[in-house]
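This report goes through the fold, the core and a few individual residues of one protein model. Please read it alongside the sequence and the coordinates.

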Amino acid sequence: SSPTGRLLLARIYLAAGDADGARRTLWEAFHDLPADRSVYEALRALLLRLEGPLAAQRLARDFEDQKTDKMTRSFA
């Protein structure tokens, strides 16, 4: 459940040649650990490589939404 563990698992998938496993792991981490910059950056790099800049732009918007939601909840 930690960002470090999720990033390590994604790297293991990539080392094994399983880009889909890495992508799935990072997407799950992105949703389970909202607004975590390390997960965002790893997923962004992978999406750029696998899907291109439009996928990375969509992810950036989602990340900004996560940060806004987290900040809003901190004031509640």
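Which pattern does the protein follow when read along the sequence? The pattern is α-α-α-α. The model is a predicted one, and the protein in it has four helices and zero strands.

**Overall dimensions and surface**

The radius of gyration is 13 Å, which agrees with the value near 11 Å that a compact globule of 76 residues would have. The C-alpha trace spans about 45 × 30 × 15 Å along the principal axes of the protein. The accessible surface amounts to about 4900 Å², and carbon and sulfur atoms account for 54% of that area. Of the 76 residues, 30% count as buried.

Contacts between residues at least 6 apart in sequence were also sorted by separation: 49% of them join residues at least 24 apart. As for charge, the protein has 12 positive and 11 negative charges, and the mean positions of the two sets are 3 Å apart.

**The nonpolar core**

In soluble globular proteins, nonpolar side chains tend to be buried together. Here the largest nonpolar core has 15 residues, and those touching the most other members are L26, F30, V39, Y40, L43, L47 and L59. Helix 1 (3-15), helix 2, helix 3 and helix 4 (53-75) are the elements that give two or more residues to this core. Helix 3 gives the most, with five residues.

L26 can be followed in detail. Leaving aside neighbours within four places in sequence, L26 is in contact with L7, A10, V39, A42, L43 and L46. One of these partners, L46, is found in helix 3. L46 counts as buried because its relative accessibility is 4%, under the 20% limit. Not counting residues up to four places away in sequence, L46 touches L14, A19, A22, R23 and L26. T25 is 21 residues from L46 in sequence, and the C-alpha atoms of T25 and L46 are 11 Å apart in space.

**Residues of helix 1**

R6 and L8 both lie in helix 1. Is R6 buried or exposed? R6 counts as buried, at 17% relative accessibility. Not counting residues up to four places away in sequence, R6 touches S1, T25, E28, A29, D32 and L33. L8, by comparison, is partly exposed, with a relative accessible area of 46%.

Among the partners of R6 is D32, whose place is in helix 2. D32 has a relative accessible area of 49% and is therefore partly exposed, as the exposed class begins over 50%.

**The loop between helix 2 and helix 3**

Another partner of R6 is L33, which lies in the loop between helix 2 and helix 3. L33 is buried, with a relative accessible area of 19%. With residues up to four places away in sequence left out, L33 touches S1, S2, P3, R6 and V39. V39 is also one of the core residues that touch the most other members, and V39 is among the contacts of L26.

A35 is placed in the loop between helix 2 (19-32) and helix 3 (37-50). What is the phi of A35? The angle is positive, about 65 degrees, although A35 is not a glycine. Most residues other than glycine have a negative phi. At 15% relative accessibility, A35 counts as buried.

**Selected C-alpha separations**

The table sets separation along the chain beside separation in space for some pairs that involve the residues discussed above.

| Pair | Apart in sequence | C-alpha to C-alpha |
|---|---|---|
| L8 and A22 | 14 residues | 9.6 Å |
| D32 and L14 | 18 residues | 20 Å |
| L46 and T25 | 21 residues | 11 Å |
| L33 and A10 | 23 residues | 15 Å |

**Points to take into the viewer**

Three places can be checked against the coordinates. One is L46, with contacts that include L14 and L26. Another is R6, buried at 17% and touching residues that include E28 and D32. The last is the loop between helix 2 and helix 3, which holds L33 and also A35.

Note on methods: Residues are numbered from 1 along each chain as its sequence is written. This is a predicted model: local features need pLDDT of at least 70, side-chain atom pairs count only at pLDDT 80 or more; totals for chains, interfaces and linings use all residues. Side-chain values use heavy atoms; hydrogens and water are left out. The radius of gyration is taken over C-alpha atoms; the globule rule is 2.2 Å times the number of residues to the power 0.38. Buried means under 20% relative accessible area, exposed over 50%, partly exposed in between (1.4 Å probe, protein chains only). Contact means heavy atoms within 4.5 Å. Accessible areas come from the Shrake-Rupley method with a 1.4 Å probe; for residues, only the protein chains shown count as cover. Lys and Arg count as positive and Asp and Glu as negative; His and the chain ends are not counted. The place of a charge is taken as NZ of Lys, CZ of Arg, CG of Asp or CD of Glu. A nonpolar core is a set of buried Ala, Val, Leu, Ile, Met, Phe, Trp, Tyr and Cys residues joined through side-chain atoms within 4.5 Å.
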